[in-house]
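Biologist: Before we discuss any side chains, could you bring up the chain and its fold, and then take my questions one at a time?

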Amino acid sequence: MKIKSPLNYTGGKFAIIDEIKNFFPKEINTFYDVFCGGGNVLINVNAKKYVGIDNNSKLIDLLNFLTTKTKNDINKMITDIVEEYNLTKSWEKGYLYYGVNSSKGLSLINSYNFIRLRNDYNFSQSIIKLLVLLFYSFNNLFRFNSKGQYNVPVGKRDYNKNIQKNLYLFIERMYQIKPTFVNLNFINLKQLSIKKMILCTLPPYLITEAEYNLIWTQEHDNELMKLCNFLNKKNIKFAMSNVIKHHEKTNIKLMDWVKKNNYNMHIINKNYSNSCYNKKNKNSESIEVLITNY
């Protein structure tokens, strides 16, 4: 069963995880998920050991927090915060109780108390308050301003049954696989003791326009390619997702790098049907790929 992370971290690969896994080895000793985000790839892969790596310290703190608690503990802490800030409980009372329907949502009702909670979190940096904010925020986004303050507005939904289901399954899977999460910039990855494993890199995409990708430059792409070459020389398997074409843009440098090093480039299809790169319609709007050295 495919498990969805309760953390809506921009750039998540839940929609294509089945396709990505098709290109992973059947046996993985240690799985390093670089740019792990909300953990959608990591929790859906079969391996002997798991390491999630991300440069966002707040994200890593939250993931580590979720690995140390049971689902009952987490649920109790969340509902205590919901009670304290008088936020809605649609999973118990339904939308009609609040005089709205699912389409209109709960944003107007939660707005004042959500802002109170957000202000309190930005002062206290309480992890559990951050988790509640995520569940009551617009699109459940994990986003902070330059001062490190959570700045997402209130959303239409709350800690509903769907979110609870995703959270419980996520925590149960974390308890089962016992991952380690590390706050580290991918450039410094060489300092880790890496032996037999597969390293999955899911970076922001250089040629796409999403806000998440605007911080990613050609220099970052260059460093990531150097890292992959370093791993290849050490006979360490890697899999890196990227986009080689988006609208009128083509990542020529990435394609040249793949060809020069004789790496493999697999098309990732959103409909999960396999296809060969050479047969893909090159006039399509966007071509997402997984690059491997095996």
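**Charges, rings and cores**

Modeller: In this predicted model, K237 lies over the face of Y294, at 5.8 Å from the ring centre. A second case involves K2, whose charged end sits over the ring of F14 at 4.5 Å from the centre of that ring.

Biologist: How many aromatic pairs does a search of the whole structure find?

Modeller: A pair of aromatic rings is described by the distance of the centres and the angle of the planes. With ring centres required to lie within 6.5 Å, the number of aromatic pairs found in the whole structure is ten.

Biologist: What is the angle between the planes of F135 and Y159?

Modeller: The centres of F135 and Y159 lie 5.6 Å apart, which is within the 6.5 Å limit for a pair. The pair is classed as stacked, a term kept for planes under 30 degrees apart, and the angle between the two planes is 15°.

Biologist: How many residues apart are F135 and Y159 along the chain?

Modeller: F135 belongs to helix 6 (residues 127-136), while Y159 sits in the loop between helix 6 and helix 7 (161-177). Both F135 and Y159 are buried, and together with W91 they form one aromatic cluster. The pair thus links distant parts of the chain, its two members being apart by 24 residues.

Biologist: Is F142, which pairs with F144, buried or exposed?

Modeller: F142 and F144 form an edge-to-face pair, 5.1 Å centre to centre with 70° between the planes. F144 has a relative accessible area of 19% and is buried. Because buried means under 20% relative accessible area, F142, at 7%, also counts as buried.

Biologist: What is the N to O distance in the salt bridge between D80 and K76?

Modeller: The structure holds six salt bridges, and one of them joins two residues of helix 3 (residues 71-84), D80 and K76, which are four residues apart, or about one turn of the helix. Both ends are partly exposed, D80 with a relative accessible area of 37% and K76 with 48%. Their side chains meet with an N to O distance of 2.8 Å.

Biologist: Is K226, in its salt bridge with E223, partly exposed or exposed?

Modeller: K226 and E223 are three residues apart in helix 8 (residues 218-233), and are therefore separated by about one helical turn; the closest N and O atoms of their salt bridge are 3.8 Å apart. E223, at 26% relative accessibility, counts as partly exposed. Because the term exposed applies over 50%, K226, at 52%, counts as exposed.

Biologist: Which residues are joined into one network by salt bridges that share partners?

Modeller: One of the bridges concerned is formed by the side chains of K89 and E83, which meet at 2.5 Å, N to O. K89 counts as buried, at 13% relative accessibility. Shared partners join three residues into one network, namely E83, K89 and E92.

Biologist: Why is strand 8 (residues 286-292) largely enclosed by the rest of the structure?

Modeller: Strand 8 pairs with strand 5 (residues 237-246) in the antiparallel sense over seven bridges, and here the bridge partner of S241 is L290. Four bridges join strand 8 to strand 7 (residues 264-267), again in antiparallel fashion, with T292 as the bridge partner of N264. Strand 8 is largely enclosed because the number of its seven residues that are buried is six.

Biologist: Which element gives the most residues to the largest nonpolar core?

Modeller: The largest nonpolar core has 61 residues, and those with the most contacts inside it are F24, F31, L66, I78 and L131. Among the elements that give two or more residues to this core are helix 2 (57-67), helix 5 (107-124) and strand 4 (198-201). With eight residues, the element that gives the most is helix 6.

Biologist: Leaving aside neighbours within four places in sequence, which residues are in contact with F24?

Modeller: F24 is among the residues with the most contacts inside the largest nonpolar core. Once its neighbours within four places in sequence are left aside, the residues in contact with F24 are F31, V41, V45, I198, C200, A239, L290 and Y294.

Note on methods:
Residues are numbered from 1 along each chain as its sequence is written. This is a predicted model: local features need pLDDT of at least 70, side-chain atom pairs count only at pLDDT 80 or more; totals for chains, interfaces and linings use all residues. Side-chain values use heavy atoms; hydrogens and water are left out. Rings of Phe, Tyr and Trp (its six-membered ring) pair if their centres lie within 6.5 Å; planes under 30 degrees apart count as stacked, over 60 as edge-to-face and the rest as tilted. Buried means under 20% relative accessible area, exposed over 50%, partly exposed in between (1.4 Å probe, protein chains only). A charge sits over a ring if NZ of Lys or CZ of Arg is within 6 Å of the ring centre and within 35 degrees of the ring normal. A salt bridge is a side-chain nitrogen of Lys or Arg within 4 Å of a carboxyl oxygen of Asp or Glu. Two strands pair if DSSP finds at least two bridges between them. A nonpolar core is a set of buried Ala, Val, Leu, Ile, Met, Phe, Trp, Tyr and Cys residues joined through side-chain atoms within 4.5 Å. Contact means heavy atoms within 4.5 Å.
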